[in-house]
Amino acid sequence: MLPAWLRQLPWVHLAWVGLLLYFDWQNWLLRQGVLVPQQQDHFWALALTADLLDSALFYFNWLLMPRLFRRGRLGTYLALLGLGLVAFCALRIGVSYGFDEVRVRGQSQPLGYYVQVLQAYYLLLGGQILLLSYFIGLAGDYWRELRHRRALEQQHLRTELALLRSQLHPHFLFNTLNNIYSLTLHASPQAPEAVLRLAELMRYQLYESSDDLVPLAREISHLQSFLTLQQLRLPTADDDADEAIDFRILLPPNASHQLLLPPMLLLPLVENAFKHGDLTARPHVVRLVLELAPADGQVHFTVRNRISPDAAAPGGVGLANLRRRLELLYPEQHALVITANQQEYAVRLTVPVAVK
């Protein structure tokens with residue numbers, strides 16, 4: 001990707017001037033007495049005057065295209081190009097005659113001779129200049145349209161991602177409030193702590209996850225707060241309830257602070273496990289493994305849970321939104337593999353990660 005200041009340079013116009021000067025230089029080298037007779041002292045005056053006329057025809061078409069051709073006024077456009085070509089040919093012949101460019105055996109020639117000899121050459125040259133200007137203009141239009149289309153696609157992508165992220169908030173809030181409601185029905189002393197955990201989670205979702213990418217450590221902390229909240233739902237009479245959630249993080253030291261990931265990407269998988277999982281299953285209600293594959297630099301996140309006999313079919317809004325976000329964020333670069341049987345449900349997410 002070129003720096004912004006390089007992309008803003010008028011490359012088309014610089015290339016046109018460079019092309020004219022290159023041909024002038026080549027013509028000057030040829031006229032040093034090697035292949036053609038040595039040119040008189042006014043060579044550069046003639047060359048630069050000819051460059052001005054060539055540029056006038058080039059930019060004549062350049063200015064006509066947006067005003068006539070792109071607006072469908074093809075007849076007027078072609079008529080003006082024809083007049084411009086004739087005027088160019090007449091001016092170039094006049095300049096050649098004025099500078100006494102053509103001599104036969106060292107003798108100057110009348111104007112009629114210039115017209116007879118040079119009109120076909122200058123008509124052809126003018127036609128080539130118009131074609132060059134036309135195709136460069138078309139290429140510029142295509143490039144601008146392509147950039148505009150990409151900008152629209154990026155804007156649409158950002159809008160859709162923001163919408164999907166906003167849909168996660170009420171979905172998550174609805175499920176969590178149901179959990180807290182069940183605690184309040186039994187007058188559980190854990191209800192105030194649940195409300196506090198919910199406030200922490202919502203603070204992250206509403207204020208701290210607005211960036212496109214966040215450190216993986218922040219996502220891990222968010223997941224741990226969520227797991228702490230879900231821990232309150234587990235049966236307290238069971239001695240193994242504190243160990244029912246198995247969360248293993250297999251990352252190199254400090255990697256979680258250096259790796260970047262889109263926010264709220266892992267939560268739907270964990271939330272789905274508690275929504276459809278068997279909370280009485282032991283020794284583990286849910287098992288989570290977050291690891292970094294050194295070979296490909298991708299993060300692998302695996303969630304396994306026992307299926308509750310009376311639970312609805314896994315899926316729903318959370319996973320549907322996650323699939324759409326993955327398609328937008330990592331087209332053909334991610335993997336979401338789900339395996340299930342009558343006893344266990346497992347999902348494995350693989351995505352590339354950025355590095356600070």
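**View 1. Y59 and W62, about one helical turn apart in helix 3.** Y59 and W62 sit three residues apart in helix 3 (residues 43–69), so about one helical turn separates them. This is a predicted model, so read the side-chain details here and below as such. With ring centres 6.5 Å apart and planes at 70°, Y59 and W62 make an edge-to-face pair, because planes over 60 degrees apart fall in that class. Buried or exposed, where does Y59 land? Y59 comes out partly exposed, at 25% relative accessibility. W62 is partly exposed too, with a relative accessible area of 22%. Zoom out a little and ring pairs tie W16, F58, Y59 and W62 into a cluster. Across the structure there are 12 aromatic pairs.

**View 2. Y97 meets Y114 across two helices.** Here the ring centres of Y97 and Y114 are 5.4 Å apart and the planes stand at 85°, so this pair is edge-to-face. The pair links distant parts of the chain: Y97 belongs to helix 4 (residues 74–98) and Y114 to helix 5 (residues 111–185), with their positions 17 residues apart. Y97 is partly exposed at a relative accessible area of 39%, whereas Y114 is buried at 1%.

**View 3. S96, tucked away in helix 4.** Stay in helix 4 and look at S96. S96 has a relative accessible area of 1%, so S96 counts as buried. Which residues does S96 touch, once those up to four places away in sequence are set aside? They are E101, Y114, L118 and Y122. Y114, one of these contacts, is the buried ring of the previous view.

**View 4. Helix 3 packed against helix 4.** The axes of helix 3 and helix 4 are 10 Å apart and cross at an angle of about 175°. That makes the two helices roughly antiparallel, because the cut-off for that label is over 145 degrees. Helix 3 brings a dozen or so side chains to view, among them L46, L53, L57, F60, L64 and F69. From helix 4 the contact residues include L74, Y77, L81, L85, F88 and V95. L53 and L85 also turn up, along with F58 and I129, in a core of 22 residues that is separate from the largest one.

**View 5. Strand 7 between strand 6 and strand 9.** Seven of the nine residues of strand 7 (residues 298–306) are buried, so the rest of the structure largely encloses this strand. Strand 6 (residues 286–293) runs antiparallel to strand 7, and eight bridges join them. Across that pairing, L290 stands opposite F301. The hairpin of strand 6 and strand 7 has four residues between the strands, and G297 there takes a positive phi near 65°. Strand 7 also pairs with strand 9 (residues 344–352), again antiparallel, over nine bridges. In that pairing, R304 has A346 of strand 9 as its bridge partner.

**View 6. L269 and the largest nonpolar core.** This core has 50 residues. Which of them touch the most other members? L269, V270, F274, L288, L290, F301 and V303 do. Two of those names, L290 and F301, are the residues standing opposite each other in the previous view. Leaving out neighbours within four places in sequence, L269 is in contact with F301, V303, L319, L322, L336, V347 and L349.

Key: Residues are numbered from 1 along each chain as its sequence is written. This is a predicted model: local features need pLDDT of at least 70, side-chain atom pairs count only at pLDDT 80 or more; totals for chains, interfaces and linings use all residues. Side-chain values use heavy atoms; hydrogens and water are left out. A nonpolar core is a set of buried Ala, Val, Leu, Ile, Met, Phe, Trp, Tyr and Cys residues joined through side-chain atoms within 4.5 Å. Buried means under 20% relative accessible area, exposed over 50%, partly exposed in between (1.4 Å probe, protein chains only). Contact means heavy atoms within 4.5 Å. Rings of Phe, Tyr and Trp (its six-membered ring) pair if their centres lie within 6.5 Å; planes under 30 degrees apart count as stacked, over 60 as edge-to-face and the rest as tilted. Two strands pair if DSSP finds at least two bridges between them. Axes are lines fitted to C-alpha atoms, for helices over the stretch in contact, and angles run from 0 to 180 degrees between N-to-C directions. Angles under 35 degrees count as roughly parallel, over 145 as roughly antiparallel, 65 to 115 as roughly perpendicular and the rest as oblique.
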